[in-house]
Amino acid sequence: MLIDVVTIFPQLFSQLFDFGIIRQARKRGVLQTRVTDLRQFSTDKRGTVDDRPYGGGDGMVLKPEPVFKAVESCSQPSKSSTHVVLMSPQGSQFDQDKAKELSLKAHLVLICGRYEGIDQRVADHLADEEISVGDFVLSGGEFAALIIVDSVSRLIPGAVSQGGSVLEESFMEGLLDYPHYTRPEDFQGWRVPSVLLSGDHRRIQSWREQEALRNTKQRRPDLLEKDEVTDNSDNVEEIRDRRGVR
Ligand code: SAH
C-alpha cells in the first residue's frame, strides 16, 4: 500500500514515520509512505499556497491550484487506484471500520489543510471523501493524517507479526478490549485476576469475552446499540453468533 501525504509542513512527518509499526510496515515492504510539500506546487517564486478569502473575513485559505497539482503528481502513473482523502472537521467521523476500509486501498492521498481551510473546490472536485478525526478543530490536517496513517498501517496484512493481536483489539469486534495484566502477580496488594494464572485457556478466553462485553456495556453502550444488540443479554456467545463474529 502507498500512502501519500500532501502538506505545507513535510518535516512534521519525517520522524513519526520512522518509529513503531509504521516503520515496521515500511521495512517489511507492505507500506510505502511519501510526503509531498505543497509549496513545491505554488504558482509563484515565493512558494505562496494561500490567499485571502473571497467575501472577506479573517484568515487565509489554501488555494486550489497547488493542491490539485500536488495530488495529480502523487497519482502518476495511474489515477484509477488512487483514493483521495481531505482532512476536515466537516468530514465523516473516522473510526475503526473506516480504518479497515482504508487499509484495503492500494493508494491513499491524504490532503492536510491549514489556516481557515482549503478552497471548497478541492472538496467538491478532487477529494473522494472528507474525514474528520473528531468534533474539535485542529490547526492543521497533519495530526489528523497521522492518526489515519498510524491506525491504517497496523491493519495492513503483514504489517504486524502477530496478526491476532490487532484483530483482538477494541472496536475490531464491535466491543472494547478486555483488561490486560503482566508481571508482577501482586503489585502493591493489587492482584492479577486468578483466572489468568490458571493456565486453563478456555476459561481465560471466556473471562476475556465476558470482560470485553462488561467493559463495553459500562463505558460505551452506544457500540452495542450501533450493532443493534439492543437486549441486555449477558450471553456472549449469543451476541457473537448474531454478529457473525468469531
Ligand atoms: N475553518 C474550518 C477549520 C479549519 S482548521 C472549519 O471551521 O471547518 C484547518 C485545517 O485543519 C482543516 O482544513 C483540516 O485539514 C484540519 N482539521 C482541523 N480539524 C480537523 C478534524 N477534526 N479532523 C480532520 N482535520 C481537521
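A polar contact, as the term is used on this tour, is a pair of N or O atoms within 3.5 Å; within protein, one of the two must be able to donate a hydrogen and the other to accept it, and residues adjacent in sequence count only if both atoms are side-chain atoms. The model is predicted, with local features requiring pLDDT of at least 70 and side-chain atom pairs counted only at pLDDT 80 or more, while totals for chains, interfaces and linings use all residues. Residues are numbered from 1 along each chain as its sequence is written, and side-chain values use heavy atoms, with hydrogens and water left out.

Select the ligand and then phenylalanine 136, where a polar backbone atom is 2.8 Å from a nitrogen atom of the ligand. Add leucine 138, which has a backbone N or O atom 2.9 Å from a ligand nitrogen, and then serine 88, where the corresponding distance from a polar backbone atom to a nitrogen of the ligand is 3.3 Å. Of the 560 Å² that the ligand exposes when taken alone, the protein buries 86% (accessible areas by the Shrake-Rupley method with a 1.4 Å probe; for residues, only the protein chains shown count as cover).

Widen the selection to the shell of 20 residues that surround the ligand, the closest being Met87, Gln90, Gly113, Glu116 and Phe136; a residue is near a molecule or strand if one of its heavy atoms lies within 4 Å of it. Colour strand 5 (82-93) and strand 7 (129-132), the elements that give two or more residues to this shell, and note that strand 5 provides the largest share, four residues. Strands here are DSSP runs of E, at least two residues long, numbered from the N terminus.

On strand 7, select glutamate 129, which counts as buried because its relative accessibility is 14% (buried means under 20% relative accessible area, exposed over 50%, partly exposed in between, with a 1.4 Å probe and protein chains only). Its side chain makes a polar contact of 2.8 Å with the side chain of histidine 83, and another of 2.8 Å with that of lysine 98.

Finish with the cysteines. The whole structure contains zero disulfides, a disulfide being a pair of cysteine sulfur atoms within 2.5 Å. Select cysteine 74 and cysteine 112: the sulfur of cysteine 112 is 11 Å from the closest cysteine sulfur, in cysteine 74, and that is too far for a bond. Cysteine 74 is buried, with a relative accessible area of 2%, and cysteine 112 also counts as buried, at 2% relative accessibility.
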